[in-house]
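Visitor: I am new to this structure, and I would like to know how its descriptions are reached. Could you show it to me and take my questions one by one?

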Amino acid sequence: MATINFESELRRAGANATGGWGRLAFLAQRHVLGTIGLITMLLFVLTAIFADVISRYDPLTVDSAHRLAAPSMLHWFGTDSFGRDVWSRIIHGARISLAVGIGSTTLGATLGVIVGLTSGYLSGWVDLVFQRVTDILQSLPLLVLALVMTAALGPSLPNVILAIAIPLIPTVARVIRANTLALREQPFVEAAKSIGMSETRIALRHVLPNTIAPLIVLATAQLGSTILTEASLSFLGLGIPEPYPSWGRMLSESAAEYVRTAPWLVIFPGIAISLAVFGTNLFGDALRDILDPRQRG
Amino acid sequence: MSEALPAETVLEVKNLQTVFFTNSGLFRAVDDVSFSVRRGETLAIVGESGCGKSVSALSIMRLVPDPPGRIVGGSVTLEGTDLLKLDDAAMRAIRGNRISMIFQEPMTSLNPVMRIGDQIIEAVRLHQKVSSKEAWKQAVDMLRLVHIPEPERRAQEYPHQLSGGMRQRAMIAMALACRPALLIADEPTTALDVTIQAQILALIVDLQQRLGTGLILITHDLGVVAQTAQRVIVMYAGKKVEEATVEALFETPLHPYTRGLMASMPAVIALGAESDARLNEIPGMVPSLTNLPPGCAFAPRCKFAIDRCLKEYPPLDEVKSNHWAACWRAGEMLEAS
């Protein structure tokens with residue numbers, strides 16, 4: 001009769017690893033899709049950091065002799081109507097997309113946490129006012145709000161980040177407020193009061209850290225959608241100004257005119273956008289599973 | 001300074017009145033209750049759910065949720081200071097420092113995302129100016145004091161890595177970290193396994209004796225009272241109905257409600273009656289506090305009730321020396337026993 005040594009099986013699978021690489025390897029095995037998402041995201045980050053090294057041409061240099069060249073060994077992804085190398089532009093576009101994605105998600109999440117935590121912890125009239133304002137913000141579609149804001153502020157990188165961040169606030173604030181409402185009734189909050197802790201300190205030291213898990217999940221999910229919003233804004237001509245490469249703008253410039261004659265101008269930026277969003281979503285899903293306390297050992 | 005006067009009164013509660021304003025009206029959760037605790041003494045507060053035990057404790061801590069609750073009268077004097085007259089900041093300096101509280105639910109009374117050691121450190125550093133290194137050392141010492149094995153390692157752990165009994169020990173460590181003059185334990189063993197209950201109680205009493213802390217033990221378990229307390233007050237519907245030393249109370253309970261509580265203890269039946277005897281109970285339910293009868297609140301459930309009980313509330317009389325009861329027939333009870 002074959003005996004199974006569970007102990008060694010578990011050790012081999014890395015279930016007992018408590019820290020560092022062993023634990024990471026174990027999680028990677030259990031969440032294959034999440035790992036793919038993480039690798040995709042890491043690839044984009046590395047691309048953005050080392051864009052100057054990887055790209056083979058300057059993304060802004062115009063070369064009229066090679067306009068609309070098809071993909072070849074010389075220009076891997078072809079060239080656009082100004083003769084600029086599409087590969088180089090996509091690689092440099094990763095910088096813009098990541099800057100906008102990470103920048104606006106961080107800004108939106110931070111402001112959302114402040115609003116949500118204050119609103120949920122203080123309740124009363126503060127909560128009432130904050131909630132009505134977020135209601136109003138939420139009744140407008142994210143893209144429309146961002147559109148109006150960039151149109152008013154003018155297209156530039158900080159303005160785009162701001163315009164995408166503000167519509168994120170209500171979403172984050174809602175989640176944090178709901179969590180705060182549940183957490184402040186927890187006995188450990190009363191216990192903290194009973195050792196003489198002030199309300200502000202309780203909110204920051206006890207309530208906030210307990211909302212981190214849902215916040216991380218929400219933020220990764222939003223990261224994908226902010227990249228998409230930036231692409232949409234640029235597609236509509238209100239995103240990052242010319243001549244800087246943005247995936248959305250690359251799509252919009254070429255979509256109508258060249259989709260039949262030079263399809264590589266549409267396909268490659270499209271793939272870049274899809275991959276980035278796909279990667280963050282896969283990673284966010286896995287993160288939600290890992291951080292869910294009911295699934296934790 | 002703590003061992004100087006063994007009989008010194010630490011806490012004096014006088015005519016405390018706490019009310020709640022609810023949709024169905026005003027109800028008096030604590031109605032004109034007075035008691036005192038001396039240094040090193042254990043006072044037990046006994047009663048059914050909803051009799052005002054916990055609200056009394058929260059009133060002393062000034063942690064009654066407001067709204068809907070409010071302390072409307074009386075005084076709570078701790079070491080000569082009337083706590084009800086202090087502002088919020090001064091009250092925070094007292095909480096966790098001079099009075100501490102242990103709660104019923106050790107499973108949820110610790111923050112799940114903070115290390116045990118850090119939570120004890122918080123209690124220390126809120127009230128003492130010590131370096132974080134010194135505070136960590138104190139936290140480990142406190143864990144050792146409450147008999148947690150390997151305190152250095154446990155201090156690094158998170159609450160979910162500890163058992164219920166261990167967590168309650170950690171809560172005790174946190175409560176006693178600043179050597180308070182008064183410790184309030186609100187049903188500290190209710191949520192624990194029976195075997196652990198005795199250990200935790202023994203620990204609380206041992207530390208209280210060693211540190212000279214006054215202890216208010218809130219419980220509905222008369223067995224716990226008999227083991228640990230020196231004096232007992234029995235509460236019913238927000239009022240104190242009987243007060244006596246433990247010996248006197250168990251020997252001659254004077255209020256019919258106290259008698260009912262004692263008769264409902266399964267252990268008492270097992271001693272006297274045959275094994276298939278039915279467990280005694282007090283008939284009826286605690287009356288709604290928004291709609292109390294004009295007379296004694298216990299009269300509708302009392303088998304000794306007379307007409308007067310239904311009309312007039314009995315005063316709290318010293319029926320015999322150091323033994324008070326609020327019952328029109330307490331004198332008869334004493335004679336009969």
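Visitor: How many residues does the contact between chain A and chain B take from each chain?

Guide: In this predicted model, 14 residues come from chain A and 22 residues from chain B. On the side of chain A that touches chain B, α10 (187-194) and α11 (199-210) each supply at least two residues. The largest share of that side, 6 residues, belongs to α10(A).

Visitor: What makes a pair of residues count as being in contact?

Guide: Their C-beta atoms, placed from the backbone, have to lie within 7 Å. B:I120, for instance, touches B:A139, B:M142, B:A173, B:M174 and B:A177, leaving aside residues up to four places away in sequence.

Visitor: Where does B:I120 stand in the largest nonpolar core?

Guide: That core has 163 residues, and B:I120, B:A173 and B:I184 touch the most other members. Its largest share, 12 residues, comes from helix α5 (residues 86-122) of chain A.

Visitor: Why is B:A202 called partly exposed?

Guide: Buried would need 20 or more other C-beta atoms within 10 Å, and exposed would need 12 or fewer. B:A202 has 13 such neighbours, so it falls in between and counts as partly exposed. This residue is found in helix α7 (residues 194-211) of chain B. Its C-alpha atom is separated by 9.1 Å from that of B:Q227, 25 residues apart from it along the chain.

Visitor: How do you know that chain B is as compact as a globular protein of its length?

Guide: Chain B has 13 helices and 12 strands. Its radius of gyration is 21 Å, and the globule rule gives 20 Å for 337 residues; the two values are close, so chain B is as compact as a globular protein of that length. Along the principal axes, its C-alpha trace spans about 65 × 50 × 45 Å. Of its 337 residues, 45% count as buried.

Visitor: What is chain A built from?

Guide: Chain A has 14 helices and 0 strands. Its C-alpha atoms fill a box of roughly 75 × 70 × 30 Å along the principal axes. Buried residues make up 41% of its 297 residues. Among its contacts between residues at least 6 apart in sequence, 68% join residues at least 24 apart.

Visitor: Why are α5(A) and α12(A) called oblique to each other?

Guide: Two packed helices are described by the angle between their axes and the distance between the axes. The axes of α5(A) and helix α12 (residues 212-235) of chain A come within 8 Å and cross at roughly 135 degrees. Roughly perpendicular covers 65 to 115 degrees, and roughly antiparallel starts over 145. The angle of roughly 135 degrees fits neither range, so the two helices are oblique. The crossing is right-handed. Among the residues that make the contact are A:S97, A:V100 and A:G101 of α5(A) and A:L215, A:A219 and A:Q222 of α12(A).

Visitor: And what makes α3(A) and α14(A) oblique?

Guide: The axes of helix α3 (residues 32-49) and helix α14 (residues 264-291) of chain A come within 7 Å and cross at roughly 135 degrees. That angle lies over 115 but not over 145, so these helices are oblique to each other. Here α3(A) passes α14(A) in a left-handed crossing. The residues that meet include A:L33, A:G34 and A:I36 in α3(A) and A:L275, A:A276 and A:F278 in α14(A).

Terms used
Residues are numbered from 1 along each chain as its sequence is written. Chains are lettered from A and ligands numbered from 1 in the order in which they are written. This is a predicted model: local features need pLDDT of at least 70, side-chain atom pairs count only at pLDDT 80 or more; totals for chains, interfaces and linings use all residues. A nonpolar core is a set of buried Ala, Val, Leu, Ile, Met, Phe, Trp, Tyr and Cys residues joined through C-beta atoms within 7 Å. Helices (H or I, at least four residues) and strands (E, at least two) are DSSP runs, numbered from the N terminus. Two residues are in contact if their C-beta atoms, placed from the backbone, lie within 7 Å. The radius of gyration is taken over C-alpha atoms; the globule rule is 2.2 Å times the number of residues to the power 0.38. Axes are lines fitted to C-alpha atoms, for helices over the stretch in contact, and angles run from 0 to 180 degrees between N-to-C directions. Angles under 35 degrees count as roughly parallel, over 145 as roughly antiparallel, 65 to 115 as roughly perpendicular and the rest as oblique. A crossing is left-handed if the near helix is turned anticlockwise from the far one by less than a right angle, and right-handed if clockwise.
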